Amino acid sequence: MAKTAQQPVLVIMGVSGSGKSTVAGVLSGRLGWDLAEGDDLHPEANVAKMQAGHALSDEDRWPWLEIIADWIKERTAAGKPGIITCSALKKRYRDVLRGEGVVFVFLQGSKDKISDRLASRHGHFMPASLLESQFDALEAPTEDENHISLCVSASPAEEADEIIERLGLEAQTAHAVGGAA
């Protein structure tokens, strides 16, 4: 993973149910960085399609990815760190998001583990029935992408600690000392 001259913008990525939102929230609290939930940036038509149990096509995703890319570019242009969640399942999707100062944090887990997590999740528009399509589309980041990979076997707090440590980031003093998030 390449180091960046400024604090990075982290793209917390992985299939639905991998813990992106939870880990991103813990990281944001510990680092004091801006946080955007990629799911909140989906056009209404995308949300309706997923709620109806239909996987998004590449054509459906492009406008959403451009919105996320704009959020990232605003921060990197201003030299500000940030955290955004996005499934970023395919390399061509990440190509739209990548840039100087962008680090992908790939939360990966077995289909069984993620399926168990989805079964206990309530109130999200992404039904568990679409998990198979997410794993089918998933292309893990490659060596030419600025990323770290993390197995989702620990608690979100422990995963956030590992991300902070592996990227050499500094948590805010109150969170680092107290350990609370």
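**From helix α1 to its neighbouring strands**

Just after α1, G32 adopts a positive phi of about 75°. The model described here is a predicted one, and this glycine is a convenient place from which to walk back along the helix. α1 comprises twelve residues, which at 1.5 Å a residue should span 16 Å. The end C-alpha atoms of the helix are indeed 16 Å apart, so expectation and model agree. Several positions of α1 are buried, namely K20, V23, A24, V26, L27, S28, R30 and L31.

Ahead of the helix comes a loop that links β1 (9-13) to α1 (20-31), and S18 is found in this loop. With a relative accessible area of 0%, S18 is buried, because the cut-off for that class is under 20%. A polar atom of the S18 side chain lies 2.8 Å from the backbone oxygen of V15. S18 also has a partner distant in sequence: L118 is 100 residues away along the chain, yet the two C-alpha atoms are 8.6 Å apart in space.

On the other side of the loop, β1 offers a pleasingly clear picture. Five of the five residues of this strand are buried, so β1 is largely enclosed by the rest of the structure. In a regular strand, side chains alternate between the two faces of the sheet. In β1, V9, V11 and M13 point one way, while L10 and I12 point the other way, and all are buried.

The pairing of β1 involves two further strands. With strand β3 (residues 82-85), β1 pairs in the parallel sense over four bridges; within β3, I83 is the bridge partner of L10. With strand β4 (residues 102-108), the pairing of β1 is again in the parallel sense, over five bridges. Here V11 has F104 of β4 as its bridge partner.

Further along the chain, attention turns to a histidine. H147 belongs to strand β5, which covers residues 147-151. The relative accessible area of H147 is 18%, and the residue counts as buried because this value falls under the 20% cut-off. Two backbone oxygens are reached by the H147 side chain: that of E145 at 2.9 Å, and that of T142 at 3.5 Å.

How values were computed:
Residues are numbered from 1 along each chain as its sequence is written. This is a predicted model: local features need pLDDT of at least 70, side-chain atom pairs count only at pLDDT 80 or more; totals for chains, interfaces and linings use all residues. Side-chain values use heavy atoms; hydrogens and water are left out. Helices (H or I, at least four residues) and strands (E, at least two) are DSSP runs, numbered from the N terminus. Buried means under 20% relative accessible area, exposed over 50%, partly exposed in between (1.4 Å probe, protein chains only). A polar contact is a pair of N or O atoms within 3.5 Å; within protein, one must be able to donate a hydrogen and the other to accept it, and residues adjacent in sequence count only if both atoms are side-chain atoms. The expected span of a helix is 1.5 Å times one less than its number of residues. Two strands pair if DSSP finds at least two bridges between them.
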